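Visitor: I am new to reading protein structures, and I would like to go through one slowly with someone who can explain each step.

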Amino acid sequence: MIAAQLLAYYFTELKDDQVKKIDKYLYSMRFSDETLLDIMQRFRRELVKGLGRDTNPTAALKMLPTFVRSIPDGSEKGDFIALDLGGSNFRILRVKVSHEKKQTVQMESQIYDTPEDIIHGSGTKLFDHVAECLGDFMEKHNIKDKKLPVGFTFSFPCQQTKLDESYLLTWTKRFKASGVEGMDVVKLLNKAIKQRGDYEADIMAVVNDTVGTMMTCGFDDQRCEVGIIIGTGTNACYMEELRHIDLVEGDEGRMCVNTEWGAFGDDGMLEDIRTEFDREIDRGSLNPGKQLFEKMVSGMYMGELVRLILVKMAREGLLFEGRITPELLTKGKFETKHVSAIEKNKEGLCKTREILSRLGVEPSAEDCIAVQHVCAIVSFRSANLIAATLAGILIRLKENKGVTRLKTTVGIDGSLYKMHPQYARRLHKTVRRLVPDSDVRFLLSESGSGKGAAMVTAVAYRLADQSRQIAQMLSEFRLTTEQLLEVKKQMRTEILNGLSKSTQDSATVKMLPTFVRSTPDGTENGDFLALDLGGTNFRVLLVKIRSGKRRTVEMHNKIYAIPLEVMQGTGEELFDHIVQCISDFLDYMGMKNARLPLGFTFSFPCRQTSLDAGILLTWTKGFKATDCEGEDVVGLLREGIKRREEFDLDVVAVVNDTVGTMMTCAYEEPTCEIGLIAGTGSNACYMEEMRNIEMVEGDEGRMCVNMEWGAFGDNGCLDNIRTEYDRAVDDFSLNPGKQRYEKMCSGMYLGEIVRNILIDMTKRGFLFRGQISETLKTRGIFETKFLSQIESDRLALLQVRSILQHLGLDSTCDDSIIVKEVCGVVSHRAAQLCGAGMAAVVDKIRENRGLDHLDITVGVDGTLYKLHPHFSQIMHQTVNELAPQCNVNFLLSEDGSGKGAALITAVGCRLRQELNNK
């Protein structure tokens, strides 16, 4: 008993002693976490270099774009073929992805030999061989008559320009077929298949084995966005934001980048951690100075590294009593599989003795322990270095996503990772130490790169099909110049109908006279009150206008809410509430005793009979107060003031916000004779010749006409361009069949059009994994401000995703791209339609005045015009294209409904004064 304990004690002491000795000897191969973090930072710098257009040519990490833009989403289905060429064996697989109850994958594969004479022969021979094997495989599976989509795993460094176009940069792994480097391998294979002529194949994707690994794992876990190979060679790929990949056009979405990280350090970046053994391995390799990182970590070199260390230690008398045998001196005699066997927990020492005996060195117990520890240090160094570079990728992903904690999956393949008994555990542990704020799942790729190629093809097939269908769905929104000219022509017809006495009753564009006969001339002076009612808020303003050399406009205002029960109660309640607000404001300003002239901005369709009388035609924007439609709103206001008996006001003008907008701009810019609102609602007004306004007496001069163009199309004249989504929005609105033009181009409805398209796309499985959330079913949830945010060029897709998540829509990167496209198409059409209407107006004014060329300014207001990143630009462009004889300037209005109302009142007072003076 005691003897056994003594033996065990002696053995432990011996072991500790040997371990310490080796640790000291191989000190430079053991890294602290501080060193690993430093290596990680170096790798991150190299990664950025590889992504930059200017820095890529000299970067060690080539960061090759793969044109794989999406991982599987679980909806892929179909029958695919995968070719896997990357070593001495060439594999062909048939992969069937089906959807019965859940997604399943069936695979049948066959391995074909690639003889030496073909590996080292001509490129033509190589691809003829591949085409022949593919023909044989299709024959055996009775699929020669089907043109199946093919994915091609080609595991050599390639420059990809498209998913199905890949130029071989350089052969590796003993391949040396002539005439292939610098050529597109898809073209070469297609040529070989065509020459045979006995079957057709549709090669949709060329994939690197690393990408294949990520895609295979991505099929089982949709969080997978990194692929790593740790086998004979090593490499990694991951999903990078497209905006960071300078070598590829566009900045929407993500793309898988093949890092080719084996070349990390080729620029001298790792010199301080490379040992004499690494240098010796490099000198004796086929490609000295290249793939330096790979030579420190991959299975191809690990056994050889151990052998070189053992030779040196034996030479120094530290091992085998200084014995060196011819076997020990033979390159390649100590293989990586031996390292794996030696490091096994239980039988490791026995295996060590066995392996060393075959090398003829007759090891002692101490030798066996020492060699086992050498193997551990070399393989641990490999796991640590891979952990440092992987940590660099993980932190990159974390920063790209802007999250505090990263949740992701890494797909891994490769013999070293799979076969070595300690490797995986060590790698995982080090990664978790280096990137503590992350939850990383490591997923072993079951069926390697072949299935991955099929998955890339399946995803490409799904995305191509999806793109086709989405393009078809959205094609109705993309209006041609001919269609826009037709809209302009129709608007012109409706304008004439609205101006003419005989057709005014049935006209949809009402062309209401406003009795505003002049724009400001600069002599306006005095204090004016303005009321602004046009939505859920109501404003009261005091506007002090001073004429003279330095014209000034000073404004004070207060905003009051209008509760829903007042909006939808009785007319008396509504006007009592308005008068109560005016009373509060006059108290606030200390002006209860002055009888001020007042302008009332009332942004609802009215038929005016004079400047201070407006009959409400119909409520819009959610108002429903009773006993108002058909009544004079100035009369209702005056009655409200009388009922209160607190103050008196001189109501000079009832004003539409569109006219107010024109007047505000005309005060600054005399050529402004058109007003446009492009906001929650849409409307326009302009100075029309009195002779054309048949509804008002007199032919002299001009008068501003409030077009009320939102109702354009209510007679069906726009039906040929209205989509099913426009019809759905109209059907569920408060006023079905009314304001159809406004519903296609105003802020109140664009979000709702988008929501309806998104629902349809989700039903078809293009979005949100086919799951329609409760949020998406909620009307009005998709506010137009979200369109403005989503379409902002400065916003990365990440922010688009967070907007969608804020709406309760759990979106992937691909979803975000589609949502952004839908928003773009809907707002683009809105701007074009608005532009077509405006083109009709400016051309009408030009013709009224008998001019070949017209210079004119449009005063504009409205949130859509002001806040949407592209609306104004597209609208201006449309007006220029459709009315080339007009030079149209657009001027942003400063508070048309407040300041504008005061200016109209001031002009009204001025004209009244002039009349009295006559």
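What follows is a conversation about this predicted model, taken one topic at a time.

Visitor: In which order do the strands of the open sheet of six strands lie?
Guide: The pairing in this open sheet is mixed. At its edges stand β1 (64-65) and β13 (438-444), each with a single partner strand, so one side of each is left without a neighbour in the sheet. Reading across the six strands, the order is β1-β11-β10-β9-β12-β13.

Visitor: Which residue in β12 is the bridge partner of Gly-227?
Guide: Strand β9 covers residues 224-230 and strand β12 covers residues 406-413, and the two pair in the parallel sense over five bridges. Within this pairing, Ile-228 stands opposite Ile-412 in β12. For Gly-227, the bridge partner in β12 is Gly-411.

Visitor: How many residues are in the hairpin connection that joins β9 to β10?
Guide: Strand β9 is also joined by five bridges to strand β10 (residues 234-241), and these two run antiparallel. One place to see this pairing is Ile-229, which stands opposite Asn-235 in β10. The hairpin passes from β9 to β10 through three residues.

Visitor: How many residues of β9 are buried?
Guide: Cys-224, whose relative accessible area is 0%, is buried, because the cut-off for that word is under 20%. Taken as a whole, β9 is mostly covered, and the count of its buried residues is seven of seven.

Visitor: How many disulfides does a search of the whole structure find?
Guide: A disulfide is a covalent bond between the sulfur atoms of two cysteines. The cysteine sulfur closest to that of Cys-224 is in Cys-217, and the separation of 5.1 Å is too far for a bond. Likewise, the sulfur of Cys-672, a buried residue with a relative accessible area of 0%, is 4.9 Å from the closest cysteine sulfur, in Cys-665, which is again too far for a bond. The number found in the whole structure is zero.

Visitor: Which strands are the edge strands of the open sheet of five strands?
Guide: This sheet has mixed pairing and the order β17-β16-β15-β18-β21, and the twist averages 20° from one strand to the next. An edge strand is one that pairs on one side only, and here the two are β17 (552-561) and β21 (650-655).

Visitor: Which helix packs on that sheet of five strands?
Guide: Inside the sheet, five bridges join strand β15 (residues 526-533) to strand β18 (residues 597-602), and the two run parallel, with Asp-532 standing opposite Thr-601 in β18. The helix in question touches β15, β16 (537-546), β17, β18 and β21, and its direction makes about 120° with that of β21. The helix, made of residues 899-917, is α30.

Visitor: Are helices α11 and α12 roughly parallel or roughly perpendicular?
Guide: The axes of α11 (residues 348-358) and α12 (residues 365-401) come within 9 Å and cross at roughly 105°. In the contact, Gly-348, Leu-349, Thr-352, Arg-353 and Leu-356 of α11 meet Ala-365, Cys-368, Ile-369, Val-371 and Gln-372 of α12, which by class gives six nonpolar, three polar and one charged residues. Because angles from 65 to 115 degrees belong to this class, the crossing makes α11, relative to α12, roughly perpendicular.

Visitor: What distance separates the C-alpha atoms of Phe-219 and Asp-73?
Guide: Phe-219 has its place in helix α6 (residues 209-220), where it is buried, with a relative accessible area of 11%. Along the chain, Phe-219 and Asp-73 are 146 residues apart, yet the separation of their C-alpha atoms is 7.4 Å.

Visitor: What is the phi of Glu-645?
Guide: Most residues other than glycine have a negative phi. Glu-645 is found in the loop between α19 (633-644) and β21, and this residue is exposed, with a relative accessible area of 71%. Its phi is positive although the residue is not glycine, with a value near 55°.

Visitor: Where does Gln-291 lie?
Guide: Gln-291 is not a glycine, and yet it has a positive phi of about 55°. Its place in the chain is the loop between α7 (276-283) and α8 (292-297).

Notes
Residues are numbered from 1 along each chain as its sequence is written. This is a predicted model: local features need pLDDT of at least 70, side-chain atom pairs count only at pLDDT 80 or more; totals for chains, interfaces and linings use all residues. Side-chain values use heavy atoms; hydrogens and water are left out. Axes are lines fitted to C-alpha atoms, for helices over the stretch in contact, and angles run from 0 to 180 degrees between N-to-C directions. Helices (H or I, at least four residues) and strands (E, at least two) are DSSP runs, numbered from the N terminus. Angles under 35 degrees count as roughly parallel, over 145 as roughly antiparallel, 65 to 115 as roughly perpendicular and the rest as oblique. Contact means heavy atoms within 4.5 Å. Ala, Val, Leu, Ile, Met, Phe, Trp, Tyr, Cys and Pro count as nonpolar, Asp, Glu, Lys and Arg as charged, and the others, Gly among them, as polar. A disulfide is a pair of cysteine sulfur atoms within 2.5 Å. Buried means under 20% relative accessible area, exposed over 50%, partly exposed in between (1.4 Å probe, protein chains only). Two strands pair if DSSP finds at least two bridges between them.
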